[in-house]
Amino acid sequence: MSITIKDAAGIAGMREACRLASEVLDYLTPHVAAGVTTKEIDRLAHEYMVNVQGTRSATVGYQPPGYPPYPAALCTSLNHVVCHGIPNEKPLKKGDIMNIDVTVITKDGWFGDNSRMYIIGEGSIAARRLVQVTYDAMWHGIVKVKPGARLGDIGHAIQKFAEGQGYSVVREFCGHGIGQRFHEEPQVLHYGRPGTMEVLEPGMTFTIEPMINAGRREIKDGPEKDGWTIVTKDHSLSAQWEHTVLVTETGYEVLTLSAGSLAPPAFVQPQPSTAAA
């Protein structure tokens with residue numbers, strides 16, 4: 001499968017899908033609190049997508065080869081869950097950290113994919129630091145995006161920063177191309193060597209979504225044995241942030257931004273506007 005280069009209409013479709021995906025997280029943010037179940041958060045997200053946005057979740061019934069159908073509108077991954085946590089009836093409690101991952105499909109068939117971390121209550125110093133470092137690591141990858149750069153530049157920047165802070169990078173999951181299919185080429189690794197892998201071209205759209213562990217990088221299936229939930233092997237905390245980005249003529253555009261998105265770190269330089277592209 002080759003990499004899909006989006007034309008002007010495709011870029012417009014991706015901008016809409018990704019903005020809507022981010023707005024789901026904006027809507028959910030006030031509801032993420034101690035005592036609320038992830039099942040309730042999932043219900044709220046589903047109703048918002050269908051009744052307010054006119055979108056639908058890409059994850060409900062999603063079934064790649066070797067997996068059972070995914071049963072929810074969101075992934076909600078708590079504490080030592082690395083990814084693909086299935087919403088359930090267990091209430092959130094103070095001190096938890098959680099990733100909410102949402103992918104919407106618009107009426108025109110475009111996919112928007114993003115995730116954010118949430119800290120329930122104040123959170124421990126260790127948890128807050130992991131969440132912040134993971135966010136910064138994602139952005140260290142994003143700022144490497146420009147025409148002529150290579151995917152290995154992104155992975156190397158993320159790995160160098162995260163490991164330099166004393167954390168580890170999960171290898172088994174990666175970012176991916178996205179458009180009118182949930183997962184397209186290329187694969188976007190969050191580790192690697194600069195100057196390697198595919199060359200970036202204007203019109204490429206893909207996710208950057210590093211999963212960073214406080215302990216070792218090894219992972220395993222969760223105790224639920226549900227076919228989806230992945231946890232850290234050493235039971236250490238794990239965090240993830242995700243944006244979908246567009247390669248522009250001069251650099252990058254982060255497509256999954258909305259009113260409630262967290263501001264970029266201070267080291268990120270503003271990009272020239274490409275809204276008219």
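## Exercises on a predicted model

This model holds an open sheet of 3 strands, ordered β6-β10-β13 and paired in the antiparallel sense. Keep in mind that the model is predicted. Let's work through it.

**Exercise 1.** Work out which strands stand at the edges of the sheet, and what that leaves them without.

*Solution.*
- Start from the strand order, β6-β10-β13.
- β6 (168–169) and β13 (238–240) each have a single partner strand, so they are the edges, and one side of each has no neighbour in the sheet.
- Next, look at how β6 joins on: 2 antiparallel bridges link β6 to β10 (residues 211–213).
- For a residue pair to find on screen, take V169, whose bridge partner in β10 is I212.
- Now add helix α3 (residues 125–142), which packs on the sheet and touches β10 and β13. The direction of α3 makes about 35 degrees with that of β13.

**Exercise 2.** Pick out Q132 and decide: is Q132 buried or exposed, or something in between?

*Solution.*
- Q132 sits in helix α3.
- The relative accessibility of Q132 is 41%, so Q132 counts as partly exposed.
- For a sense of distance, go from Q132 to E253: they are 121 residues apart in sequence and 21 Å apart in space, C-alpha to C-alpha.

**Exercise 3.** Find out how many disulfides there are, then check C18 and C83.

*Solution.*
- A disulfide is a covalent bond between the sulfur atoms of two cysteines.
- The cut-off to apply is a pair of sulfur atoms within 2.5 Å.
- Try C18: the closest cysteine sulfur, in C75, is 16 Å from its own, which is too far for a bond.
- C83 is in no disulfide either, with the sulfur of C75 as the nearest one at 7.7 Å.
- The count is 0 disulfides.
- As for accessibility, C18 is buried at 0%, and C83 is buried at 3%.

**Exercise 4.** Go through some of the salt bridges and say how accessible each partner is.

*Solution.*
- Side chains of opposite charge can pair when their charged atoms come close.
- The total here is 11 salt bridges; three of them are in this table.

| Pair | N to O | Accessibility |
|---|---|---|
| R128 and E122 | 3.9 Å | R128 partly exposed, 33%; E122 exposed, 64% |
| E163 and R171 | 4.0 Å | E163 partly exposed, 38%; R171 partly exposed, 22% |
| E218 and R216 | 3.1 Å | E218 partly exposed, 26%; R216 exposed, 55% |

- To finish, look for a network: K6, R181 and E184 are joined into one by salt bridges that share partners.

Terms used. Residues numbered from 1 in each chain as written. Predicted model: local features only at pLDDT ≥ 70, side-chain atom pairs only at ≥ 80, totals over all residues. Heavy atoms only, no water. Pairing = 2+ DSSP bridges. Helix = DSSP H or I, 4+ residues; strand = E, 2+ residues; numbered from the N terminus. Contact = heavy atoms within 4.5 Å. Axes fitted to C-alpha atoms, helices over the stretch in contact; angles between N-to-C directions. Buried < 20%, exposed > 50% of the residue type's maximum accessible area, 1.4 Å probe, protein only. Salt bridge = Lys/Arg side-chain N within 4 Å of Asp/Glu carboxyl O.
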